[in-house]
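Biologist: Let us go through this chain together. Please keep the answers short.

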Amino acid sequence: MARNKIDNQASEGDSNSSRRDFLKKSSLLTAFALAPPTLVMASEKKWDEKIAEYIETVALSIEVNGTKHNLSVEPRTTLLDLLRENLQLTGTKKGCDHGQCGACTVHVNGTRILSCLSLASMQQNAQVTTIEGLSKGKKLHPMQEAFIKNDGFQCGYCTPGQIMSGIACIKEGHANSREEIREYMSGNICRCGAYHNIVDAITEVKEGGKLS
């Protein structure tokens, strides 16, 4: 009975704390909404940004390329923007920003995803690998080496996403023929038209068994 009473008190304490936090934030929003124009002008001093940050940010624990990060991010922040803007990992490219070009492809827990379509807050405790995390020091990943050898890029903008998808394509078991590679790489657009060489690079890595 004593333990149950303690547990109930703890639960009530957590509930009260949550209510108090909700009321504080609600009061702050109401006060800001009803504020006269002279006070709203405080936005010029970026008080609006500070208020939004206090209300909207969420805690995020994430591992990127083997390094753990504990961050505070806005719920609307995409994984792509987190990587580029917060962690300065600009190898992952922002192309269409609508999930249509594949330039932002990264691996999350071993699966390729379009980082522009994934909210960072959804990747709590996830393991993320970007193009920067493939090489080991100065030693390039086999797929990176194959892209260089087979001239799998021209301008290079789409290349990080192409490489990340190429690796996933093999690991998924979808690189058994040139036709299959084209099908499962179709989500990655190369505006320079280096598709033939990209398929050559993926085929070479697959046939060489370098990812097994």
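Modeller: One term to start with: a nonpolar core is a set of buried Ala, Val, Leu, Ile, Met, Phe, Trp, Tyr and Cys residues joined through side-chain atoms within 4.5 Å. Buried means under 20% relative accessible area. Note also that this is a predicted model.

Biologist: How many residues does the largest nonpolar core have?

Modeller: Helix 5 (142-149), helix 6 and helix 8 (195-207) each give two or more residues to the largest nonpolar core. Met143, Ile163, Ile170 and Ile202 have the most contacts inside it. The number of residues in this core is 22.

Biologist: Which residues does Met143 touch, leaving out those up to four places away in sequence?

Modeller: A contact needs heavy atoms within 4.5 Å. With the sequence neighbours left out, the partners of Met143 are Ile163, Gly166, Ile167, Ile170, Ala201, Ile202 and Val205.

Biologist: How many residues are in the other core, the one with Val64 and Leu79?

Modeller: That core lies apart from the largest one. Leu89 and Val106 are also among its members. Its residue count is 14.

Biologist: Which elements each supply at least two residues of the lining of the largest pocket?

Modeller: The largest pocket has a volume of about 220 Å³. Its lining includes Gln127, Thr129, Ile167 and Lys171. The elements that each supply at least two lining residues are strand 5 (127-129) and helix 6 (159-171).

Biologist: How many nonpolar, polar and charged residues are in the lining of the largest pocket?

Modeller: His107, Asn109, Gly110, Gly133, Leu134, His141 and Leu211 are also among the lining residues. Gly counts as polar here. By class, the lining has three nonpolar, seven polar and one charged residues.

Biologist: And the second largest pocket: how many of its lining residues are nonpolar?

Modeller: This pocket has a volume of about 150 Å³. Cys96, Cys101, Cys155, Cys158, Cys190 and Cys192 are in the lining, as are Gly95, Ala103, Tyr157, Ile189 and Arg191. Cys counts as nonpolar. One lining residue is polar and one is charged, while the nonpolar ones number nine.

Biologist: What is the pattern of helices and strands along the sequence?

Modeller: The chain has eight helices and five strands. Read along the sequence, they follow α-α-α-β-β-α-β-β-β-α-α-α-α.

Biologist: What percentage of the residues count as buried?

Modeller: The chain exposes about 13,000 Å², with 52% of that supplied by carbon and sulfur atoms. Buried is under 20% relative accessible area. Of the 212 residues, the buried portion is 32%.

Methods:
Residues numbered from 1 in each chain as written. Predicted model: local features only at pLDDT ≥ 70, side-chain atom pairs only at ≥ 80, totals over all residues. Heavy atoms only, no water. 1 Å grid on protein atoms, 1.4 Å probe; cavity = no way out; pocket = protein on both sides within 12 Å on 5 of 7 lines; lining within 4 Å. Points joined across faces, edges and corners; volume = space filled by probe spheres on them. Helix = DSSP H or I, 4+ residues; strand = E, 2+ residues; numbered from the N terminus. Buried < 20%, exposed > 50% of the residue type's maximum accessible area, 1.4 Å probe, protein only. Areas by Shrake-Rupley, 256 points an atom, 1.4 Å probe, with all protein chains shown as cover.
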